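The following exercises concern strand pairing, salt bridges, burial and the contact between two chains. Each task is followed by a solution in steps.

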Amino acid sequence: MIELIDIHKSFKKNKVLNGLNLKIDSGLITVIIGRSGGGKSVLLKHIIGLLKPDRGRVLIDDTDITRLNDRDLNTIRKKFGMLFQEAALFDSMTVKENVAFPLREHAKMSEVEISRVVAEKLKSVGLTGIEDKMPSELSGGMRKRVGLARAIALQPEIVLFDEPTTGLDPVMTEAINQLIVDTQKNLNATCVVISHDLESIFKISHKIAMLYDGDIIEYGTPDEIRASKNPVIEQFLSGSIEGPIKII
Amino acid sequence: MNRAAVAIDQLGRTVLEYVEEMGKIALLFLSVLRWMFQPPLKSHLIFKQMEFVGNKSIFVVVLTGAFTGMVMALQGYYGFKMFSAESMVGSVVALGMTRELGPVLTSLMVTARAGSAMAAELGTMRVTEQIDALSVMAANPVKHLIVPRVIAGVLMLPLLTVVSDFMGILGGYFVGVHLLHINSGIFVKNITTIVDLDDLYNGLVKAAVFGLILSLIGCYKGFNTRGGAEGVGKATTEAVVLSSITILISDYFLTAIMF
Ligand SMILES: Nc1ncnc2c1ncn2[C@@H]1O[C@H](COP(=O)(O)OP(=O)(O)OP(=O)(O)O)[C@@H](O)[C@H]1O
Ligand SMILES: [Mg+2]
């Protein structure tokens, strides 16, 4: 269970999260939606302790990670896998070394096993035979998928996906959606996904949370969200220019 | 009056900023020490950095060392000729190189080559979230990125300095003996009687300290980069300037302590 309690976060004068509260259930796929620049990535980084809130608490299985020292935080982080919005691959390492990185760090595996797991994870994101390429030789979508393979390499309990399907073609999008669903099912993992792709969101999510104005303004099942009478949600789902969400 | 006050104010601020920055770098140093002795040692990362700092700097170090020795011989010759003491040229070159110019010039060259690259590399990793990715995978960035670079800096700078010292003396010998026709036996004998092994050792201690300074500052600037490509450029420039200044300042104090 992930619990965010009264989270405030500002960057200089820019208030991004404003007393945000959210409970994310274990073993489900929760999708966070919200406008671009609204603070979704910032929210995700709070869950894994990359950003510390100015005020508030982040509980992972009842442990407040905002108060932990480095060592205890690392223990908790071993439960996590994370895909960054821009993939954040190590550009001095090959694709194989990237995916193998968490394995080498935390799993006692032989070289043979590592190669096997890397190939298997890459295959699951639709990539084969690119182990020896450098990240700079890949397309944006390929980089994202390598990042995905790296995020799930250690079979984490909690996986955070920052826009896993943005920039992928429709077929690949569907494949990645399926991968997220499978990951959740096979590992009984908790998945937190940020996405702008409404079709995918309603297909894969168990719960949807809408971030607006620094807080979660609506949280529920896809059906509940679809039926919501909140004008912000209605406007967001219909993609209309008219409504409470101002373009500028 | 007013303008003078502004200038003094500005100077005070700059000094304060410098001191504050040194404090933060000292803290980073403590954290490097802590992680350095925390197994496992990432030896492959250390060797990679040693190769980068050492091997790839040899050419510039050979060149600067040789020409520095040569020009010292030339200048020394004109000076000593006034007292007909041309034979002293060899010992002046050797003393100057081992105590001072070898370590300082080598460090400045390596700062420009490797210190700047450290800042640029870590800076790019910071702005593309690669450092965050390390943290997320429960891999400590200080241990993975900074410890190997600092170890490489401290170990390789003395070695490069030996090369520089040697090339400087060789260059001085070439100019003194072959171009200015100082007797070769006297040239060498003067070196061996006047220059102590201690001169060499102390120079190497300096070099190790400078290696620490340039790698630590390069990493610090890169690690704390903010804001895109522009930020990386800024971090790189600042790393070179701050390292060079700090090397020259600490050179004075090291000299005062050791000699
Ligand atoms: N490290 C940072 N330093 C300063 N400001 C930041 C930082 N990270 C995010 N911000 C600011 O926080 C706000 C939210 O950014 P965030 O990346 O969370 O948006 P987002 O919801 O993920 O948007 P998108 O859907 O476009 O990815 C933005 O205004 C951004 O400028
Ligand atoms: Mg984002």
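**Exercise 1. Identify the residue that stands opposite Ser10(A), and place the pair in its sheet.**

Solution. Step 1: Ser10(A) stands opposite Lys15(A), which lies in S2(A). The model is a predicted one, in which local features need pLDDT of at least 70 and side-chain atom pairs count only at pLDDT 80 or more, whereas totals for chains, interfaces and linings use all residues; side-chain values use heavy atoms, with hydrogens and water left out. Residues are numbered from 1 along each chain as its sequence is written, while chains are lettered from A and ligands numbered from 1 in the order in which they are written.

Step 2: Strand S1 (residues 2-11) of chain A pairs with S2(A) in the antiparallel sense over eight bridges. Helices (H or I, at least four residues) and strands (E, at least two) are DSSP runs, numbered from the N terminus, and two strands pair if DSSP finds at least two bridges between them.

Step 3: In chain A, four strands form an open sheet in the order S2-S1-S4-S5, with antiparallel pairing. Strand S2 (14-24) and strand S5 (63-64) of chain A each have a single partner strand, so one side of each is left without a neighbour in the sheet.

**Exercise 2. Determine which residue meets Lys9(A) in a salt bridge, and compare the burial of the two partners.**

Solution. Step 1: The partner is Asp54(A), at 3.9 Å from N to O. A salt bridge requires a side-chain nitrogen of Lys or Arg within 4 Å of a carboxyl oxygen of Asp or Glu.

Step 2: The pair links distant parts of the chain, 45 residues apart: Lys9(A) belongs to strand S1 of chain A, and Asp54(A) to the loop between helix H1 (40-47) and strand S4 (55-60) of chain A.

Step 3: Lys9(A) is buried at 11% relative accessibility, whereas Asp54(A) is partly exposed at 47%. Buried means under 20% relative accessible area, exposed over 50%, and partly exposed in between (1.4 Å probe, protein chains only).

**Exercise 3. Describe the surroundings of Ser200(A) in helix H7 of chain A.**

Solution. Step 1: Ser200(A) lies in helix H7 (residues 198-204) of chain A and is buried, with a relative accessible area of 4%.

Step 2: Apart from neighbours within four places in sequence, Ser200(A) is in contact (heavy atoms within 4.5 Å) with Thr173(A) and Asn177(A).

Step 3: The side chains of Ser200(A) and Asn177(A) are joined by a polar contact of 3.0 Å. Such a contact is a pair of N or O atoms within 3.5 Å; within protein, one must be able to donate a hydrogen and the other to accept it, and residues adjacent in sequence count only if both atoms are side-chain atoms.

Step 4: Helix H7 of chain A also holds Lys203(A), whose partner Glu174(A) lies in helix H6 (residues 170-187) of chain A, 29 residues apart. Their salt bridge has its closest N and O atoms 2.9 Å apart.

**Exercise 4. Characterise the interface between chain A and chain B.**

Solution. Step 1: 20 residues of chain A are in contact with 18 residues of chain B.

Step 2: About 1600 Å² is buried between the chains, carbon and sulfur atoms giving 56%. Buried area is the accessible area (1.4 Å probe) that two parts lose on being put together, summed over both.

Step 3: Two salt bridges are counted between chain A and chain B. Lys42(B) forms a salt bridge with Glu105(A), with the closest N and O atoms 2.8 Å apart.
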